[in-house]
Structure formats: structure tokens, C-alpha cells
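Me: I would like to go through the labels used for this model one at a time, and to see for each of them which value stands behind it.

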Amino acid sequence: MMKNIMMRFLMLAVTVLALYSCSAEPEVSKIVLDQELIVLVPGQEAELVVSVEPSGYSGKVDWESTDSEVVSVEQNGKITAVSPGRAFVLAKAGGLTQGCAVTVKSVVTSIEFPSASLLLDENYGGQLQYVTVPEELVATKLIWESSDKNVLIVSEGFVQVVGLGRVTITVWAEDNPQVRASIEVEVAKLITSITLSQSTAIMYENKTLQLSATVTPTDSAYPQLKWYSTDNSVVTVDQNGLVTSKKQGQAKVVVEAVSGSAKAECNITVSGPLPNPETDESVEDLKPGTAFEGWTDITGNEQ
């Protein structure tokens, strides 16, 4: 009797063990995604298919995005591009993880230059200023073209002048060539430096001082200069460089190239009125025939 009971118990245990062995999930050894890299634009959808090894695995696969603001993922592997950027979509099962790199490209809707034309010096090399919408581009290429590479070469918005002349620079979005902009560029000899006859001066009130400017190069295509004072209540200056003092104080007289960025400055200090040697004994040396003959003011220029 006891022997039969033991035999039945052993048979039941074997049956339970066999059933458990059949129902237990095998250990996951590998996760495979059908795509390792996906490139989308905002709003576009795609679907990832996952395979889990060994093939008998029927457990749950969890999905996750490393940046849901770039790409979202549903628990069936369906992904949706949200905004430009880069993120990973991850499939997880049995303690293992496999990822797919997702790039959401920018869609360029506008390209603009700050002006319709540009004047450059013959030695210029630098980055062009332009604005795109959106401002930051992800995985989106702009194509640049110069109408005359003997005048100017352009690459990724960086220009290098190689000769004098006029050229048109055009840029467009590689994915949408209809989104484009152009700018007319003139390359010429411009004033690169200006030297003034004086960099500092001291003047009495109501006196004049003639400043002269020397430019480099002397054969500039645009030699025009512009003169101005930083404080017209202290000194004024005409467009020939003639400075007139007004009242006590300090100001700068500035001359700059009308075309280009070259400029120079003269720092001027205006003291009180010119002393009268006939009434002020403290300035006896200002009388004619003395060391200050000629009524020269403090700048040392005849007035």
C-alpha cells in the first residue's frame, strides 16, 4: 500500500516538473531589430520589428525612447518622429537591450540673407551671415554655389575671395531646392587702414584744427571718408577734417571709410578760453615777441 502511494507521488512530481519545464520561458540570448538606423522628418512614422532568440521566447518586449521629444514609440514598435534631433529607440527583453538610432531631420522652410548685396575687400575670407528657419539644422544639408569661382569660392557658407569682380552666391536646401536665397557680391579694393595726422590734441575754446587722413591702399575703388565728433557740444568737424572747438571737455574726432570697416580717432581735450596776455600777467610769455610768438594755441598750430 505504501509502495503504491510513493509511486503515485513520484509520477505526479514528474508530471508537474514536465509541465513546468514546458511552460517556463527560455532564457533570452539575443535581441535583433530589423533596422539599426532610421532617418525621418517630423510627423513621419515607421515600424520596428523585433526578433528574440531563442525562437521559443514568447514573453514581453518593452519599448522605450531615449528622448520622447525627438521620437516616440508605442509598445508594438511603431515610432513617430516628433521634432529634429537624434535619439535611440530601445527594445528590452529578458534583461537584454537592443537599440535603433533614429535621426529626425530638419525641414528647411526659409533661407534669408540680411541684405540683397554685399561689398567685400579683395583680401576677405570669412563666414557669410544668413538665417534659416528653423535656425538650427539637424542632418539637413545646404548647397552653396558661386556664379564665378574666379572671383569667389563658397563652401558651407564660408567665402574666400580669389579675384576682383561681381558674383552671385546662391544657397538652397538639398531636400527642397525650391527653398533658396541669393546675394549679389562685389569684390573690390577697399580702404584697409586710416592714419590721422594727430592722434591727440589739446585746444582752447573757439579754435580750429586741421586734421588730415592717409589711407591704405591709395588706389581704393571706394576712397570716400566720413568724419564725425563723438560730442558736438565739445568739438565739431566738417567733412574735410577741420575741427572747431566749442567748450571745455573731451571728445573724439573719428574718420572712417564709407565702404569698409577701417577707421581712426583723434582724442581731443578742450581747455578754457585762450588767455589774454594784455590783461593776464600770468601769461606774459604769450605776448608777441616772446617764446609763444604768433599766438599759437596749445596744439602748436597757428590760429
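Me: Which strand gives the most to the lining of the largest pocket?

Reply: That strand is β11, with four residues, a strand being a DSSP run of E of at least two residues, numbered from the N terminus. The model is a predicted one, in which local features need pLDDT of at least 70 and side-chain atom pairs count only at pLDDT 80 or more, while totals for chains, interfaces and linings use all residues. Residues are numbered from 1 along each chain as its sequence is written, and side-chain values use heavy atoms, with hydrogens and water left out.

Me: How many residues line the largest pocket, and what is their character?

Reply: The lining holds 17 residues, and L118, L119, L120, D121 and Y124 lie nearest the centre of the pocket; a lining residue has an atom within 4 Å of a point of the pocket, which is an open set on a 1 Å grid where a 1.4 Å probe fits, with protein on both sides within 12 Å along at least five of seven lines. The lining divides into 10 nonpolar residues, six polar and one charged, where Ala, Val, Leu, Ile, Met, Phe, Trp, Tyr, Cys and Pro count as nonpolar, Asp, Glu, Lys and Arg as charged, and the others, Gly among them, as polar.

Me: Why is the pair of F113 and W144 called edge-to-face?

Reply: Rings of Phe, Tyr and Trp (its six-membered ring) pair if their centres lie within 6.5 Å, and planes over 60 degrees apart count as edge-to-face. The centres of F113 and W144 are 6.2 Å apart and their planes stand at 65°, so this pair is edge-to-face. It links distant parts of the chain, with F113 in the loop between β10 and β11 and W144 in strand β14, 31 residues apart.

Me: What makes F113 and W144 count as buried or exposed?

Reply: Buried means under 20% relative accessible area, exposed over 50%, and partly exposed in between, with a 1.4 Å probe and protein chains only. F113 has 12%, so F113 is buried, and W144, also at 12%, is therefore buried.

Me: Which aromatic pair does Y130 form, and how accessible is Y130?

Reply: Y130 pairs edge-to-face with W144, at 5.1 Å centre to centre and 70° between the planes. Y130 has a relative accessibility of 28%, so Y130 counts as partly exposed. Ring pairs thus link F113, Y130 and W144 into a cluster.

Note on methods: Phe/Tyr/Trp six-rings, centres within 6.5 Å; stacked < 30°, edge-to-face > 60°.
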